[in-house]
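I opened a fresh page for this chain and noted what I looked up, entry by entry.

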Amino acid sequence: MIRLVKLVLAGVPLGNPGDATIRLIEAIKEAQVIAAEDTRKFQRLCQDLQIKCNAKLISFFEGNESDRTESLLAELQGGSTVLVVTDAGMPTISDPGFKLVRAAVEAQIPVQVLPGPSAVTTALALSGLPTDRFCFEGFAPRTQGAREKFFNNLKFEARTIVFFEAPHRLLETLESAIAILGSERNAVLCREMTKTYEETIRGTLGEIQSWANSKEILGEITIVIAGAIEGAREISQ
């Protein structure tokens, strides 16, 4: 039950609605206000789950996050329970929600997280690469110079590296990764996790680049790259 909680962050399925938790379903039914990254996708999820949503539905995405944070905070201060959901996975993880959580904490409004699916941990588990220590780097930068700096900063990172990428930028990102990390670095590309056309491509960065060059890439992509070997910095000097 969430009636005594003001702000609720809930993880939603990455693709398969069967991954929805009982707590998520209860939260959707009980919330007075729901802030959804894409209201149409959220309504489709409700249909898939056979849930009738009676809450006030508000669009809450990257482009309007700052403005909507203020209005959602007002809803909270007015006594409404606000549920935040994204298109897939957990709010605030490279998705809207962080600014609202920070504002709620500063206003001493209770915050609760309903654990659920996460593309980061799902891809990490799928990868077969070490999971005891890892770093999550969000989305790779869009411009070449920023991407090169991004990978240069990770060149000697010993932890397993996880990041997101858009399909239309995948080849450029793989090219930058290979130029700095080397084509022989082990990596895994996870595409459309939990969905009908899910794929997991394992190999070296060079092999994954060859695979990506051979077809049109669509869908949500998470990339996992092995950390640098011990002593890599000394070897490179």
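**Entry 1: strand β1 and its partners**

I started with Leu7 and looked up its bridge partner in β5, which is Val111. The model I am reading is predicted. I then checked Leu9, and its bridge partner in β5 is Val113. In total, four bridges join β1 to β5, and the two strands run parallel. I noted the range of β5 as residues 111-114.

Next I asked which strand holds the bridge partner of Val8. The strand is β4, and the partner there is Leu83. β1 and β4, residues 82-85, pair in the parallel sense over three bridges.

I turned to the side chains of β1, residues 7-10. Leu7 and Leu9 point one way, and Val8 and Ala10 point the other way. I found all four of them buried.

I repeated the check on β5, where the side chains alternate too. Gln112 and Leu114 point to one face and are buried. Val111 and Val113 point to the other face and are not buried.

**Entry 2: two helices and what packs on them**

I looked up helix α1, residues 22-30. Its buried residues are Leu24, Ala27, Ile28 and Glu30. I noted that a charged residue name, Glu30, is on that list. What do the buried residues of α1 pack against? I found β1, β2 (33-36), α2 (39-49), β4 and β5. β1, β4 and β5 are the strands of my Entry 1.

Then I moved to helix α8, residues 205-213. Here the buried residues are Leu205, Gly206, Ile208, Trp211 and Ala212. The cover over them includes α7, β8, β9 and β10 (221-225).

**Entry 3: Arg185**

I went to the loop between α7 (170-181) and β8 (186-191), where Arg185 sits. Does Arg185 count as buried or exposed? Arg185 is buried, yet it has no salt bridge. I looked for the nearest side chain of opposite charge and found Glu157, 8.8 Å away. A salt bridge would need the charged atoms within 4 Å.

I then looked for a polar neighbour. The backbone oxygen of Ala226 lies 2.8 Å from a polar atom of the Arg185 side chain. I also listed the contacts of Arg185, leaving aside neighbours within four places in sequence. They are Lys155, Gly203, Thr204, Leu205, Ile225, Ala226, Gly227 and Ala228. One of them, Leu205, is among the buried residues of α8.

**Entry 4: aromatic pairs**

I asked how many aromatic pairs a search of the whole structure finds. The search finds five. In one pair, the ring centres of Phe150 and Phe151 are 4.9 Å apart and the planes stand at 80 degrees, so I logged the pair as edge-to-face. Phe150 and Phe151 are both buried.

Phe150 also pairs with Phe163. Their centres are 5.7 Å apart and their planes are at 80 degrees, so this pair is edge-to-face as well. Phe150 lies in helix α6 (residues 144-154) and Phe163 in strand β7 (residues 160-165), so the pair ties together parts that are 13 residues apart in sequence. I read the relative accessible area of Phe150 as 11%. For Phe163 I read 1%, and Phe163 counts as buried.

I noted a cluster too. Ring pairs link Phe136, Phe139 and Phe164.

**Entry 5: two threonines with positive phi**

I looked up Thr92 in the loop between β4 and α4 (98-106). Its phi is near 80 degrees, a positive value in a residue other than glycine. Thr92 has 28% relative accessibility and counts as partly exposed.

Thr194 was my next stop, in the loop between β8 and β9 (199-204). Phi of Thr194 is near 70 degrees, again positive in a residue other than glycine. Thr194 is partly exposed, at a relative accessible area of 24%.

**Entry 6: Ser59**

I closed with Ser59, found in strand β3 (residues 56-59). Ser59 is partly exposed at 22% relative accessibility. How far apart are the C-alpha atoms of Ser59 and Thr39? They are separated by 5.9 Å, though the two residues are 20 residues apart along the chain. Not counting residues up to four places away in sequence, Ser59 touches Ala36, Glu37, Thr39, Asn64 and Arg68.

Note on methods:
Residues numbered from 1 in each chain as written. Heavy atoms only, no water. Buried < 20%, exposed > 50% of the residue type's maximum accessible area, 1.4 Å probe, protein only. Pairing = 2+ DSSP bridges. Polar contact = N/O pair within 3.5 Å; in protein donor to acceptor, adjacent residues only side chain to side chain. Contact = heavy atoms within 4.5 Å. Phe/Tyr/Trp six-rings, centres within 6.5 Å; stacked < 30°, edge-to-face > 60°.
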